Amino acid sequence: MALIECRHLTHVYLKGTPLEAVALQDVTLSIEAGEFVGLIGPTGSGKSTLIQHLNALLRPTGGEVRVAGINPADARADVKTLRQQVGLVFQYPEHQLFEETVYDDVAYGPRNLGLTEDQVRERVGESLALVGVDPGRFGRRSPFSLSGGEMRRVAIAGVLAMRPRVLVLDEPAAGLDPKGKEEILGQIRTLHEAQGLTVLLVTHSMDEAAQLVKRLVVLARGQIVMDGPVREIFRRAQDLTALGLGVPAITALMLRLRSAGMAVTPDVLTVDEARAAIGKVLQWN
């Protein structure tokens with residue numbers, strides 16, 4: 001069984017009222033343990049609604065969701081355990097920081113699990129190290145004295161301290177400067193590779209998706225319209241453009257070169273791949 005299963009998932013906001021709105025319609029999706037999946041789609045496509053079903057912040061109007069075998073719509077479901085399994089990091093997670101010190105902020109979740117202070121200390125140190133924040137240097141500082149990128153990493157550490165099996169990230173690099181974006185995306189890649197975490201990344205950036213994920217799920221009007229390996233999805237440039245999404249900048253460049261008559265392969269995702277493809281055509285040594 002897949003780690004995450006959505007079967008014919010439907011969600012209707014304000015059902016039965018004049019403001020009724022269908023946010024998800026008949027969504028069927030499976031995600032295996034250890035996958036790194038990107039979730040993209042135009043504004044209003046249902047991305048945020050979908051991810052909020054994964055730890056029972058929302059319940060289905062129709063269909064079913066199961067995470068690690070738990071059905072959150074079941075009245076007997078252990079929702080507390082489910083929320084430990086699925087770490088959900090919203091946009092601007094630094095807004096979730098509230099304690100006086102970095103240490104106490106990251107410790108908040110483990111303490112609520114009833115762990116001993118030694119266990120809490122172990123989890124805080126481990127989680128901060130995972131996101132590249134030195135516990136000794138930053139632990140006693142106010143989280144509000146940190147840079148934007150550091151605050152975001154501390155917020156993610158607070159989620160990791162619960163030791164989830166699934167990490168769901170909603171636009172994790174939004175609003176950061178280029179250096180901050182590079183750092184946070186690098187940490188997410190490292191977490192996936194080193195910890196084997198299952199990661200679901202919601203993003204509007206096609207370049208971020210190209211850099212990080214292995215599989216892309218595309219939502220539009222509350223339905224899945226594409227699902228497959230990232231390279232295959234970005235081959236469908238016209239379909240993506242019709243949805244208002246586009247392709248990564250380097251892929252767009254290769255498509256322009258191809259339309260100008262250069263026989264380059266268009267399905268490249270990185271600068272190194274583009275250099276190799278162009279060099280092959282021009283027979284660089």
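In the predicted model, Glu126 and Arg163 form a salt bridge in which the closest N and O atoms are 3.3 Å apart. The pair connects distant parts of the chain, as Glu126 belongs to helix H4 (residues 117-130) and Arg163 to the loop between H6 and strand E6 (166-170), with the two positions 37 residues apart in sequence numbering. Glu126 is partly exposed because its relative accessibility, 34%, falls between the limits of 20% and 50%. Arg163, with a relative accessible area of 39%, is likewise classed as partly exposed.

The whole structure contains 18 salt bridges. Among them is the pair of Glu183 and Lys179, for which the closest N and O atoms are 2.4 Å apart. Both residues lie in helix H7 (residues 178-195), and because they are four residues apart, about one helical turn separates them. Glu183 has a relative accessible area of 28% and is therefore partly exposed, whereas Lys179, at 58% relative accessibility, counts as exposed.

A further salt bridge joins the side chains of Arg235 and Asp267, with an N to O distance of 2.7 Å. Arg235 is located in the loop between helix H9 (230-234) and helix H10 (237-242), and Asp267 in the loop between helix H11 (249-259) and helix H12 (271-282), so the interaction ties together parts that are 32 residues apart in sequence. Asp267 has a relative accessible area of 17%; this value is under 20%, so the residue is buried. In addition, a network of salt bridges links Glu5, Arg7, Glu64 and Arg66.

Glu183 also appears in the surroundings of Arg153. Arg153 is placed in helix H6 (residues 148-160) and counts as buried because its relative accessibility is 10%. When neighbours within four places in sequence are left aside, the contacts of Arg153 are Val131, Gly132, Val133, Glu183, Ile184 and Gln187.

Helix H3 (residues 102-112) is mostly covered, with eight of its eleven residues buried. The buried positions are Val102, Tyr103, Asp104, Asp105, Val106, Ala107, Gly109 and Pro110. These residues pack against H4, helix H5 (135-138) and H6. Just after H3, Gly114 adopts a positive phi of about 80°.

Val79 is part of helix H2 (residues 79-85). Its relative accessibility is 18%, and Val79 is therefore counted as buried. Apart from neighbours within four places in sequence, Val79 is in contact with Ala56 and Arg59. The C-alpha atoms of Val79 and Leu57 are 9.8 Å apart in space, and the two residues are 22 residues apart in sequence.

Strand E8 (residues 215-220) pairs with strand E9 (residues 223-229) in the antiparallel sense, over six bridges. Within this pairing, Leu216 has Gly228 of E9 as its bridge partner. The hairpin of E8 and E9 has two residues between the strands, and Arg221 takes a positive phi near 55° there.

Terms used
Residues numbered from 1 in each chain as written. Predicted model: local features only at pLDDT ≥ 70, side-chain atom pairs only at ≥ 80, totals over all residues. Heavy atoms only, no water. Pairing = 2+ DSSP bridges. Buried < 20%, exposed > 50% of the residue type's maximum accessible area, 1.4 Å probe, protein only. Contact = heavy atoms within 4.5 Å. Salt bridge = Lys/Arg side-chain N within 4 Å of Asp/Glu carboxyl O.
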